[in-house]
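Reader: I have a model open on my screen and would like to learn how to read it. Could you walk me through it, feature by feature?

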Amino acid sequence: MKIIAFSDIHSATAVFEKIPGLREADLVLLNGDLTNYGGIAETKHVLDAVMRINPNVLAQFGNLDHGEVNDYLEQLDINLHGQARLVQDRVCLIGVGGSNFTPFNTPSEFSEKALHRLAVDGFRQAAEYIRLAEPLLQAKIPVILVSHAPPFNTGVDRIHSGKHVGSTAIRTVIEHYSPALCITGHIHEGKGVDLIGQTPIYNPGMLRREGWVTVTVENSQLKATLQ
């Protein structure tokens, strides 16, 4: 199974054509900031562009997307925010969109308490999905946390000044649940890879700068590569 994930699209749809293997991927993940302060119309433009290449899409809104984007993704049944998705009995995804509070009062920000609750609810859903899967699969389904906001105090949540601006709630749930992988975004200059416990954290940066993550799932093992 092959997954391609990217964040911070900001309506830069022309980059989709430059992503190797996007057409053949089993799943494409759009991890927030689909637009620049946009709503449904702008989101539809982004989704139409990526789905012309590959229709196997799950997405969630970022802090720069208005709240109606979350409702629209839910109507399309491709939303990841605040829920878990078991995909092909191969991998379970947990989504947390928006971001923690910023100094810029962007459209979709949440308190750390709300982010924690969203993430915990997702992990509980994931546990139930995996419990209900075929018994032989239960120990073989890796969990990926897809959070637009990166975890606090890592190499992937630093802004240009060096200050850490990620989410304490996301860090807490990673420390507690130890997902197999966390894919994040939000902080463009935080592009890179870090580790919390046994969980690798990947921030591909802004798509316009040709940043994305390729994940392969084989024999219940994950391998992630940062472009």
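**Strands, sheets and helices**

Author: Happily! Let's begin with strand S1, which is mostly covered: four of its five residues are buried. Keep in mind that this is a predicted model.

Reader: Which strands does S1 join by bridges, and in which directions do they run?

Author: S1 (residues 2-6) is joined to strand S2 (residues 27-31) by four bridges, and these two strands run parallel. Four bridges also join S1 to strand S12 (residues 213-218), and that pair runs antiparallel.

Reader: Which residues can I click on to see this pairing?

Author: Towards S2, try Ala5, which stands opposite Leu29, and then Phe6, which stands opposite Leu30. Towards S12, look at Lys2, whose opposite residue is Thr216. As you step along, here is a general idea to hold on to: in a regular strand the side chains alternate between the two faces of the sheet.

Reader: In what order do the strands of this open sheet come?

Author: Five strands make up the open sheet, in the order S3-S2-S1-S12-S13, and the pairing is mixed. Strand S3 (57-60) and strand S13 (221-226) each have a single partner strand, so they stand at the edges with one side lacking a neighbour in the sheet. On average, neighbouring strands here are turned by 20° against each other, ignoring direction.

Reader: Which strands does helix H1 touch when it packs on the sheet?

Author: H1 touches S1, S2 and S3, and its direction makes about 155° with that of S2.

Reader: H1 also meets helix H2. How do I describe two helices together?

Author: In general, two packed helices are described by the angle between their axes and the distance between the axes. In this structure, the axes of H1 (residues 40-51) and H2 (residues 67-75) come within 9 Å and cross at roughly 50°. The angle makes H1 oblique to H2. The crossing in which H1 passes H2 is right-handed.

Reader: Which residues make the contact between H1 and H2?

Author: From H1, they are Ile40, Thr43, Lys44 and Leu47; from H2, they are Glu68, Val69, Tyr72 and Leu73. Sorted by class, the contact has five nonpolar, one polar and two charged residues.

Reader: Now for the six-stranded open sheet. Which strands stand at its edges?

Author: The order of that open sheet is S4-S5-S8-S9-S11-S10, with mixed pairing. Strand S4 (84-87) and strand S10 (192-196) are at the edges: each has a single partner strand, so one side of each is left without a neighbour in the sheet. From one strand to the next, the twist averages 20°. At the S10 end, five bridges join S10 to strand S11 (residues 199-203), and the two run antiparallel. Gly192, for instance, stands opposite Asn203.

Reader: Which helices lie across these strands?

Author: Helix H3 lies across S4, strand S5 (91-96) and strand S8 (143-147), running at about 160° to S5. Helix H4 (residues 168-177) lies across S5, S8, strand S9 (181-183), S10 and S11, at about 175° to S8.

Reader: One last residue, please: is Ile130 buried or exposed?

Author: Ile130 has a relative accessible area of 13%, so this residue counts as buried, the cut-off being under 20%. You will find Ile130 in H3 (residues 112-132). Its C-alpha is 9.7 Å from that of Val143, and the two residues are 13 apart in sequence.

Terms used
Residues numbered from 1 in each chain as written. Predicted model: local features only at pLDDT ≥ 70, side-chain atom pairs only at ≥ 80, totals over all residues. Heavy atoms only, no water. Axes fitted to C-alpha atoms, helices over the stretch in contact; angles between N-to-C directions. Parallel < 35°, antiparallel > 145°, perpendicular 65-115°, else oblique. Left-handed = near helix turned anticlockwise from the far one by under 90°. Contact = heavy atoms within 4.5 Å. Nonpolar A, V, L, I, M, F, W, Y, C, P; charged D, E, K, R; others polar. Pairing = 2+ DSSP bridges. Buried < 20%, exposed > 50% of the residue type's maximum accessible area, 1.4 Å probe, protein only.
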